[in-house]
Amino acid sequence: MNNEMRMYGQSIMTNCGNKFIFRSNYKDIADLQEICGFSENEKEILKNATKGECLFISGNRRIHTKVILLDMEKEIIKDSGGR
């Protein structure tokens, strides 16, 4: 990741009070590692998460969670191209 992208990404991540971080590839996790300081367990969660599973970060708390959409929400985002 180039320095400009890193700077903007870090600003966004550090200014968010709550974050949902979903499954990602190793390179993206490594880049986020510099900002979020994931534990080995958290990195494994992000590499192996199934659909809807994520790491929820709120302040200093980190929770492995699963987001389950209501039928109405699925209808709204059905054509967004997600996994």
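Buried means under 20% relative accessible area, exposed means over 50%, and partly exposed is what falls in between (1.4 Å probe, protein chains only). Keep that handy for the exercises.

This is a predicted model, where local features need pLDDT of at least 70 and side-chain atom pairs count only at pLDDT 80 or more, while totals for chains, interfaces and linings use all residues. Residues are numbered from 1 along each chain as its sequence is written, and side-chain values use heavy atoms, with hydrogens and water left out.

**Exercise 1.** Find which residue Lys47 forms a salt bridge with, and work out how the pair sits in helix α3.

*Solution.*
- Step 1: A salt bridge here is a side-chain nitrogen of Lys or Arg within 4 Å of a carboxyl oxygen of Asp or Glu. Lys47 meets that with Glu44, the closest N and O atoms being 3.1 Å apart.
- Step 2: In helix α3, Lys47 and Glu44 are 3 residues apart, about one helical turn. Helices (H or I, at least four residues) and strands (E, at least two) are DSSP runs, numbered from the N terminus.
- Step 3: Glu44 is partly exposed at 37% relative accessibility, and Lys47 is partly exposed too, at 27%.

**Exercise 2.** Take Glu40 and its salt bridge with Lys43, and say whether each residue is buried or exposed.

*Solution.*
- Step 1: The closest N and O atoms of Glu40 and Lys43 are 2.9 Å apart.
- Step 2: Both lie in helix α3 (residues 40–48), 3 residues apart.
- Step 3: Glu40 is exposed, with a relative accessible area of 56%, whereas Lys43 is buried at 17%.

**Exercise 3.** Which parts does the salt bridge between Glu42 and Arg62 tie together?

*Solution.*
- Step 1: For Glu42 and Arg62, the closest N and O atoms are 3.1 Å apart.
- Step 2: Glu42 is in helix α3 and Arg62 is in strand β3 (residues 61–66), so the pair links parts 20 residues apart in sequence.
- Step 3: Glu42 counts as buried at 11% relative accessibility, while Arg62 is partly exposed at 32%.

**Exercise 4.** How many aromatic pairs does a search of the whole structure find, and where do the partners lie?

*Solution.*
- Step 1: Rings of Phe, Tyr and Trp (its six-membered ring) pair if their centres lie within 6.5 Å; planes under 30 degrees apart are stacked, over 60 edge-to-face, and the rest tilted. The search finds 1 pair.
- Step 2: The ring centres of Phe20 and Phe56 are 4.7 Å apart with planes at 35 degrees, so the pair is tilted.
- Step 3: Phe20 belongs to strand β1 (residues 18–22) and Phe56 to strand β2 (residues 53–58), so the pair connects parts 36 residues apart in sequence.
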